[in-house]
Protein chains: 2
Amino acid sequence: MTPRDWLQKFGSALERGDINAAAGLFEPEGFWRDLVSFTWNLKTCEGRAEVKAMLAATLAEVKPRNFIPKSAEWFTFETALGRGIGHLRLRGKHAWTLLTTLQELKGFEERREEMRSSSNEPSPSQAPYVLIVGGGQGGIALAARLKRLGVPAVVVEKNERAGDSWRKRYASLCLHDPVWYDHMPYLPFPEHWPVFTPKDRMGDWLEMYVKVMQLDYRSGTECVRAIFSEEEKAWEVHLLKNGEPLTLRPKHLVLATGMSGFPYLPPVKGAASFQQAGGLLLHSSKFEGGAAWKGKHAVVVGSGTSAHDICQDLHTQGAAEVTMVQRAPSIVVRSESLMELAWGPLYSEQAVARGVSTPIADLTVASVPFKVLPELQRPIYAEIRKRDHELYAGLEKAGFQYTFGEDGSGIHALYLRRGAGYYIETGASQMIIDGRIKLKAGAIVEEAGEKSVKLSDGSELPADLLVFATGYGSMNQWARELISAEVADKVGKVWGLGSDTKADPGPWVGELRNMWKPTAQENLWFHGGNLMQSRHYSLYLALQLKARFEGLATPVYYVEPVHHLS
Amino acid sequence: MTPRDWLQKFGSALERGDINAAAGLFEPEGFWRDLVSFTWNLKTCEGRAEVKAMLAATLAEVKPRNFIPKSAEWFTFETALGRGIGHLRLRGKHAWTLLTTLQELKGFEERREEMRSSSNEPSPSQAPYVLIVGGGQGGIALAARLKRLGVPAVVVEKNERAGDSWRKRYASLCLHDPVWYDHMPYLPFPEHWPVFTPKDRMGDWLEMYVKVMQLDYRSGTECVRAIFSEEEKAWEVHLLKNGEPLTLRPKHLVLATGMSGFPYLPPVKGAASFQQAGGLLLHSSKFEGGAAWKGKHAVVVGSGTSAHDICQDLHTQGAAEVTMVQRAPSIVVRSESLMELAWGPLYSEQAVARGVSTPIADLTVASVPFKVLPELQRPIYAEIRKRDHELYAGLEKAGFQYTFGEDGSGIHALYLRRGAGYYIETGASQMIIDGRIKLKAGAIVEEAGEKSVKLSDGSELPADLLVFATGYGSMNQWARELISAEVADKVGKVWGLGSDTKADPGPWVGELRNMWKPTAQENLWFHGGNLMQSRHYSLYLALQLKARFEGLATPVYYVEPVHHLS
């Protein structure tokens with residue numbers, strides 16, 4: 001069957017309300033992922049029964065039609081309210097995977113030319129429709145989309161300047177994702193932009209972006225407390241603007257506070273005496289760079305990206321000894337291999353030359369059901385393992401505990417499960433192999449003392465500096481902190497798929513929990529992720545908010561029951 | 001004859017060195033404008049004899065070939081050193097106009113992807129190859145092009161921040177050219193950008209642009225003196241960086257100091273007593289906005305853009321009386337009419353939708369020989385005059401002296417002749433018609449007194465504020481000020497075509513004098529103009545500098561003799 005035939009049959013089954021026929025066009029275990037176009041939700045239906053259930057609940061209102069093939073895999077379609085783009089993978093007569101996405105609402109399309117007519121300065125509002133807490137790339141991308149859609153939105157950011165959350169990190173920090181993956185909506189990085197954006201450059205870009213896109217962005221503004229009024233169906237949000245109290249009353253509250261918002265620092269025995277003797281003990285988020293530690297001894301706990309970067313920086317800046325204390329295995333992949341094998345087909349100069357635009361790349365990624373992702377990723381990592389066998393042999397010899405994930409599915413899957421636990425090799429692994437960075441693997445810090453650190457393996461290391469690159473707490477903590485424990489528990493765990501791997505307990509849910517979609521708390525939303533996710537999913541979150549702003553009916557199909565509190 | 005046939009004949013005549021045959025393909029009075037591809041100059045050959053002379057001098061070295069038609073009017077071609085784009089207007093068998101432009105040098109193409117590989121921070125240099133004096137849109141656009149071409153360049157700007165030359169003007173200042181005309185190279189304004197950019201927005205955009213393009217831009221740095229060493233064939237440039245002396249030794253010096261760099265303030269009898277009585281007398285460039293003049297009396301001398309803008313601002317902000325003193329006729333055109341009839345076909349949302357890219361629009365403008373421009377512009381102004389007859393009737397009734405140029409060719413031609421003398425109506429003309437702005441036409445200020453101004457028509461006006469919107473001196477003054485009177489006189493007049501109209505004395509030279517092309521002073525260049533010119537001509541200036549930087553032979557065909565000193 002050709003995609004054209006399949007779409008024709010599919011469209012006609014939907015138009016005549018024949019749910020069985022429509023579901024029968026899928027493989028028995030086939031997938032239909034919908035982003036907001038049928039479900040007003042982000043939802044993957046797995047298998048014919050779930051497809052049927054979804055259609056039974058939504059078809060009458062959605063009124064899908066006009067399925068038009070655009071190429072072997074891509075098509076466009078319409079619903080009662082909007083226009084969409086879809087992607088189809090056929091195997092024989094049946095769909096293996098189908099993606100349907102809403103791209104715009106009829107009559108409420110993005111404003112472009114008509115926005116030119118005025119100077120269009122943001123007019124500060126006490127009652128924005130949307131308040132976005134957190135002005136990093138996530139909050140900014142969403143605010144830009146809402147601006148284009150004409151939805152009044154305010155971003156509040158506790159730092160003094162947009163971009164400070166990047167600027168305040170250690171000096172050597174760069175993005176480890178390549179530039180083609182990192183564009184913000186509407187304003188791509190210019191052609192000369194470095195492949196791996198240095199953090200201050202990223203900060204400056206975000207600051208520029210806020211200005212150029214004319215967002216209502218309130219820096220130096222901390223969110224203290226948000227209370228939802230059941231009567232008014234609106235939030236009362238208490239802020240401190242440069243220390244002065246300010247209250248805003250938005251209808252919707254978006255937490256874009258970052259996956260790395262709450263540093264996790266384990267309790268350390270002897271911390272006080274370590275510090276009294278002149279040692280510095282801190283979380284990686286507070287580390288400012290290796291320059292101050294020339295000739296000194298440093299111990300870094302952890303083996304993820306920050307731990308590697310910080311060890312590399314300390315060694316490069318001339319620390320006398322740098323030791324990484326590895327608690328658990330991490331995925332390590334050479335940047336070049338990842339670029340070529342994992343990102344290259346979609347996010348690279350070559351992809352751009354082949355005509356793969358950023359939206360097409362993003363939709364292609366979105367078209368892969370999360371359930372299928374590991375089996376598609378495993379061959380990439382098998383190839384990487386072979387190609388970079390010298391790296392892995394070297395790491396093994398140095399005693400480094402590396403992994404490719406519990407099921408061999410690598411970094412991308414791990415990121416979706418727990419957002420941490422990997423390093424993209426850009427130099428530090430080689431330093432571990434060479435012994436320039438010392439390694440203590442499978443150990444934890446037992447106790448800090450005067451200018452030293454005792455490990456669980458009985459060894460003791462001289463130490464002036466003790467860095468805990470031990471990661472971050474979940475985004476739920478922000479809901480708990482800013483709203484209430486009750487609301488945080490009602491909403492439940494944010495992020496993760498239910499893969500039943502470390503830090504991502506089952507049951508399987510098939511979508512990232514609570515991200516960019518309706519939560520169990522009315523008018524509360526979570527937004528964030530890496531630059532690609534912030535870019536792409538901000539579209540669907542913005543469309544959900546726009547539809548509500550315009551008073552369109554947005555019946556939400558299926559809200560995941562809460563299985564875990566954090 | 002089809003363009004394809006013509007190009008085939010033309011290319012083959014050039015390849016076999018048959019200059020007569022090549023020249024015979026032009027109308028007897030036909031035009032060939034070359035931008036750097038044949039002449040290493042900006043040169044319009046008018047008539048067959050000039051075409052022959054040019055080819056006789058250049059053909060052997062240029063080795064043009066590979067003329068390939070791309071559409072009815074556009075073609076590409078090659079020379080020994082580079083690749084070019086051309087434009088042809090045929091009439092019957094002969095070319096009426098031909099444009100040839102160099103677009104890139106073989107082996108020295110712009111760097112894009114390879115620049116991504118490093119973080120590529122500018123490394124401050126004491127000996128840049130090019131020093132650009134003046135960091136407005138002109139200097140910035142050129143620096144961006146040189147950056148992409150790998151030519152070390154420094155921009156010095158006396159203001160504290162990039163964009164300050166815009167920020168420091170009166171509050172109501174907006175660009176009067178529409179956004180499609182105003183893009184900087186490489187980074188177009190985003191889609192939501194206002195049609196008429198307000199001046200602070202323009203300032204912020206330039207400041208962002210400098211950062212994002214990573215230019216070596218030294219703000220707070222004033223150029224004091226530049227001396228050319230005949231032995232070293234280089235400049236010694238004395239600067240003050242925040243008051244501290246600094247010397248740079250570039251090979252090339254570019255004056256991008258702006259057409260509006262030297263305010264012209266006529267001597268005023270009684271100025272001292274006017275000011276002693278508490279009046280403020282100043283040039284329009286120092287006017288900060290009408291807010292301070294609520295309830296006061298203001299007199300504004302001049303009837304160009306600044307005079308109109310300032311009168312409008314003063315009236316809008318509540319001045320008790322605002323009088324414009326018109327010395328000489330000005331062109332007035334409604335913005336909407338200009339947008340639709342003059343810019344619309346090339347620079348508009350509709351043009352973009354029709355696929356007219358910014359480079360194509362720029363090249364189309366460049367394809368019109370300056371000699372032909374008036375006859376092409378006159379019908380536009382005839383139409384405008386008809387369409388907006390109410391406006392002109394109103395102005396006439398109010399006593400305003402309007403014109404469409406000495407030969408009826410309008411704003412664009414006037415701008416090329418003298419860079420001043422017109423107003424694009426965005427409200428002030430209506431205020432003159434309504435009497436909200438008072439008018440004294442054909443008069444000059446005889447004398448200022450205590451709180452009053454006496455005019456040459458015998459009238460006396462009460463005045464707290466006296467603004468001279470009397471324009472600017474020529475760019476030559478910068479050469480005189482920064483280098484020497486000798487060099488300024490050697491180079492001669494900058495700008496203007498020799499149209500033998502007011503402020504643009506003959507003889508006819510066919511190109512803008514000394515702009516973007518070799519001057520009589522070795523290694524000295526002038527750059528500037530409006531945003532479109534800064535964008536488009538910076539390409540040809542950058543290619544000329546790049547060729548010299550790489551040591552390519554750049555024999556310059558024809559340097560215009562100096563007819564006027566300023």
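1. A good place to start is chain A, where strand β22 (residues 452-455) and β23 pair in the antiparallel sense over three bridges. Strands here are DSSP runs of E with at least two residues, helices are runs of H or I with at least four, and both are numbered from the N terminus; two strands pair if DSSP finds at least two bridges between them. In β23(A), A:Glu460 is the bridge partner of A:Lys454. These strands belong to an open sheet of three, ordered β21-β22-β23 (chain A), with antiparallel pairing. Its edge strands, β21 (445-449) and β23 (460-462) of chain A, each pair on one side only.

2. A word on conventions: this is a predicted model, in which local features need pLDDT of at least 70, side-chain atom pairs count only at pLDDT 80 or more, and totals for chains, interfaces and linings use all residues. Residues are numbered from 1 along each chain as its sequence is written, chains are lettered from A and ligands numbered from 1 in the order in which they are written, and side-chain values use heavy atoms, with hydrogens and water left out.

3. Chain B offers an open sheet of six strands with mixed pairing, in the order β2-β1-β6-β5-β4-β3. Because β2 (42-46) and β3 (65-69) of chain B stand at the edges with a single partner strand each, one side of each is left without a neighbour in the sheet. Neighbouring strands of this sheet are turned by 15° against each other on average, direction ignored (axes are lines fitted to C-alpha atoms, for helices over the stretch in contact, and angles run from 0 to 180 degrees between N-to-C directions). Strand β1 (residues 26-35) and strand β6 (residues 94-105) of chain B pair in the parallel sense over six bridges, and B:Asp34 stands opposite B:Thr100 in β6(B).

4. Two helices accompany that sheet. Helix α1 (residues 3-15) of chain B packs on it, touching β1, β3, β4 (74-78), β5 (82-91) and β6 of chain B, where contact means heavy atoms within 4.5 Å. The direction of α1(B) makes about 175° with that of β3(B). Helix α13 (residues 358-366) of chain B lies across β1, β4, β5 and β6 of chain B, at about 135° to β6(B).

5. Helix α10 (residues 305-316) of chain A deserves a look. From first C-alpha to last, α10(A) reaches 16 Å, close to the 16 Å expected at 1.5 Å a residue (the expected span is 1.5 Å times one less than the number of residues). Nine of its 12 residues are buried, meaning under 20% relative accessible area with a 1.4 Å probe and protein chains only; exposed is over 50% and partly exposed in between. The buried residues of α10(A) pack against β15 (297-301), β16 (321-326), β19 (422-425), α17 (428-434) and β24 (465-468) of chain A. Just after α10(A), A:Gly318 takes a positive phi of about 95°.

6. Some backbone geometry is worth checking by eye. The peptide bond joining A:Gly506 and A:Pro507 is cis, with omega about 5°, and the bond from B:Gly506 to B:Pro507 is cis as well, with omega near 5°. A:Val36, a residue other than glycine, has a positive phi near 75°; A:Val36 is buried, with a relative accessible area of 0%. B:Tyr558 is not a glycine either, yet has a positive phi of about 70°; B:Tyr558 is partly exposed, at 36% relative accessible area.
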